[in-house]
Amino acid sequence: MSSDAATLWPRVAEGLRRDLGARTFDHWLKPVRFADFCTLSGVVTLETASRFSANWINERFGERLALAWRHHLPAVRSVTVRGGAAAAERAAALTTPELPVIADAPTAPVVLAGFDRRLTFERFVVARSNILAANAARRMAMAEAPQFNPLYLCSGTGQGKTHLLQAIAQDYAATYPGAAIILMSAEKFMLEFVSAMRGGDMMAFKARLRAADLLLLDDLQFVIGKNSTQEELLHTIDDLMCSGKRLVVTADRPPAMLDGVEARLLSRLSGGLVADIEAPEDGLRERIIRQRLAAMPMIEVPDAVVAWLVKHFTRNIRELEGALNKLLAYAALTGTPIDLTLAEDRLAENVRSARPRITIDEIQRAVCAHYRLDKSEMSSKRRVRAIARPRQVAMYLAKELTPRSYPEIGRRFGGRDHSTVIHAVRTVEALRVADSELDAEIAAIRRSLNS
């Protein structure tokens, strides 16, 4: 029976990845391996290399794991995750070890986790939409003290925030070879903070951050709602600013739009320079393509294809580069000349994915307009049917029409737990089958969003 349960784990894992979101799943649950299933007790045992990770998963995802397993194997009563040396040895036998990103050396205090040497200022194409952010980033990396500190870069995904963050780190390291530079995601900041707190190692954690000459935090939005982490981040910022150190932060929205962030932290983040990176204009997108093609003179891409790419991939640079990479790879691997017909054929799915997506905010506004509600009711705690049902409809549409995970949707509806969103989605799915009036209402809302 244990061997039968083992074959179910990939299916269970896929469902969890869909429900929790790829980012959360990949960080916590992707390294987990199936260990055993006891038919007498109904307990599924999973393994991961770290005891800390095992404890975190048991605490945060234990109930969700049990529900996911019972969906495929009703005999499961509970799920436990164990970690440690023995689990690490077994996991190592099943996975290919990754090379460490940094080599620690006593003479090299520079810490560049996730460092990418391709992401330099020289390779960052500057235009009207990003000139403020680009120039401010260059100033932050120069020898003289920056005029604005901290620097807060904000934009939607794929617009170049992380590129600039990496470029700052590399230029600053070249200017000050002995400088202590810490480059990490805000989520990693949170995880290291929790690990240090549980391991009784907070002093070392604080000392390492406060010793940085340049601290760069990527994707600040992922610490939203984590009060203790925000408090530590606030103290770190204060210490760095008082010491004349440099701080650069990126996020997908301006500080004022970061729901769930306390006022003192918002004040610190807004106290330097907030530089927006806007959606790339046509000229910038074309220059990026031309720059890429200049490095590949052996491949000929007609101007008509370049114009077609510029026209259809307008949302962000990452999608544009991904489409170009796919086209170039297909031509190189198959020996097919690149022309407009090939581009339209091979990139049809990319074009569909690149179309402007409906946002949760737009869904909330459409639902409130249909049911004649104030938009604030989407985040309120009121549970009367006239408000609760439209709120459930909005959650359902958010899951259907956006790529957001259950936890992300919950945060946009007043900080609700992901289980509340799952319940809302399943409730509306069932009601659409039984209630033709509600089904027609949802269809009407969807039409208004699509129009």
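How many residues does helix α11 have, and how far does this helix reach from its first C-alpha to its last? In this predicted model, helix α11 covers residues 282-294, which amounts to 13 residues. The helix reaches 18 Å between its terminal C-alpha atoms, close to the 18 Å expected at 1.5 Å a residue. The residues of α11 that are buried are Leu 284, Arg 285, Ile 288, Ile 289 and Leu 293. These buried residues pack against two further helices, α12 (303-312) and α13 (317-334).

Helix α17 offers a second case to look at. It spans residues 385-401, has 17 residues and reaches 24 Å from first to last C-alpha, close to the expected 24 Å. Of its 17 residues, 12 are buried, so the helix is largely enclosed by the rest of the structure. A run from Arg 389 to Lys 399 is part of this buried set: Arg 389, Pro 390, Arg 391, Gln 392, Val 393, Ala 394, Met 395, Tyr 396, Leu 397, Ala 398 and Lys 399 are buried, as is Ile 387.

Attention now turns to the nonpolar interior. In soluble globular proteins, nonpolar side chains tend to be buried together. The largest nonpolar core here has 58 residues, and those with the most contacts inside it are Trp 9, Leu 16, Leu 46, Leu 65, Trp 69 and Leu 220. Helix α3 (residues 51-72) gives the most to this core, contributing eight residues. Trp 9 makes a good entry point for a viewer: beyond its neighbours within four places in sequence, Trp 9 is in contact with Leu 16, Leu 29, Val 32, Arg 33, Phe 34, Leu 46, Leu 65 and Trp 69. Apart from the largest core lies another, of 26 residues, which includes Phe 121, Met 140, Leu 216 and Leu 273.

The backbone also has some points worth a visit. Most residues other than glycine have a negative phi, and most peptide bonds are trans. Asp 219, however, has a positive phi of about 60° although it is not a glycine. This residue is found in the loop between β7 (214-218) and α9 (227-242). Its relative accessibility is 17%, so Asp 219 counts as buried. Leaving aside neighbours within four places in sequence, Asp 219 is in contact with Arg 23, Ala 186 and Thr 250.

Arg 372 likewise has a positive phi, near 60°, in a residue other than glycine. It is located in the loop between α16 (360-371) and α17. With a relative accessibility of 78%, Arg 372 counts as exposed, whereas Asp 219 is buried. A cis peptide bond joins Asn 149 to Pro 150, with omega near 10°. Pro 150 itself lies in the loop between α5 (131-141) and β5 (151-154).

Finally, Arg 346 is found in helix α14 (residues 340-346). At 33% relative accessibility, Arg 346 counts as partly exposed. Setting aside neighbours within four places in sequence, Arg 346 is in contact with Lys 326 and Tyr 330. Arg 346 and Thr 24 are separated by 322 residues in sequence and by 31 Å in space, C-alpha to C-alpha.

Key
Residues numbered from 1 in each chain as written. Predicted model: local features only at pLDDT ≥ 70, side-chain atom pairs only at ≥ 80, totals over all residues. Heavy atoms only, no water. Helix = DSSP H or I, 4+ residues; strand = E, 2+ residues; numbered from the N terminus. Buried < 20%, exposed > 50% of the residue type's maximum accessible area, 1.4 Å probe, protein only. Contact = heavy atoms within 4.5 Å. Expected span 1.5 Å × (residues − 1). Core = buried A, V, L, I, M, F, W, Y, C linked by side-chain atoms within 4.5 Å.
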